[in-house]
Amino acid sequence: MGSTRAGVPLACISKRSVREQLYRAFVTRAGETNAPLIDKILTLRREQAQLLGFATHAEVSLTRKMAGSVEAVAELTEMLRAKALPAAKQVWRGSRFAAGPTQAGGAREELWPSPQGTRP
């Protein structure tokens, strides 16, 4: 989160509970406010697809792109997953998170980082 608006405060706030509160507020911002807008956009996209003779908005979107069909995208996604997953597992095994949800010394590893130069 270092490159986000919340990154600087997260790096400077020393109180863990405040960092957690800020992190949770940041990642869930505008969820309730945007829900009706998102529903309307999805409805309009579904209607547009039906009017144009497509089953889904994904098919409409793909007509202007390299992928020829939703199935082609699914095949590419599966091929990428099959290639990337073994490498990701290897990296995970070598990471500091693989040993469990704690840091050295027993402190819990969280998504909201401790300020730089301090320990939780």
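Trainee: Is Met79 buried, partly exposed or exposed?

Mentor: A residue is called buried under 20% relative accessible area, exposed over 50%, and partly exposed in between (1.4 Å probe, protein chains only). Met79 counts as partly exposed because its relative accessibility is 38%. This is a predicted model, in which local features need pLDDT of at least 70 and side-chain atom pairs count only at pLDDT 80 or more, while totals for chains, interfaces and linings use all residues. Residues are numbered from 1 along each chain as its sequence is written, and side-chain values use heavy atoms, with hydrogens and water left out.

Trainee: Where is Met79 found?

Mentor: Helices are DSSP runs (H or I, at least four residues), as are strands (E, at least two), numbered from the N terminus. Met79 is found in helix α5, residues 70-93.

Trainee: Which residues make a nonpolar surface patch with Met79?

Mentor: Patches are made of residues with over 30% relative accessible area and no salt bridge; like charges are joined within 9 Å, and nonpolar side chains (Val, Leu, Ile, Met, Phe, Trp, Tyr) within 5 Å. A salt bridge is a side-chain nitrogen of Lys or Arg within 4 Å of a carboxyl oxygen of Asp or Glu. Here Leu76 and Leu80 join Met79 in a patch of about 270 Å², with areas from the Shrake-Rupley method and a 1.4 Å probe, where for residues only the protein chains shown count as cover.

Trainee: Which residues of α2 are buried?

Mentor: Arg19, Tyr23 and Phe26 are the buried residues of α2. Seen down the helix axis, they fall within an arc of 65 degrees and so line one face of α2; the arc is that of the directions from the axis to the C-beta atoms. These buried residues pack against α1 (7-12).

Trainee: What span should helix α2 have?

Mentor: The expected span is 1.5 Å times one less than the number of residues. For the 12 residues of α2 (16-27) this gives 16 Å, which agrees with the 17 Å between its end C-alpha atoms.

Trainee: With which residues is Leu62 in contact, leaving aside neighbours within four places in sequence?

Mentor: Contact means heavy atoms within 4.5 Å. On that basis Leu62 is in contact with Ala67, Ser69, Val70 and Val73. Leu62 has its place in helix α4, residues 57-62, and counts as buried because its relative accessibility is 13%.

Trainee: How many helices and strands does the chain have?

Mentor: The chain has five helices and zero strands. Buried residues make up 12% of its 120 residues.
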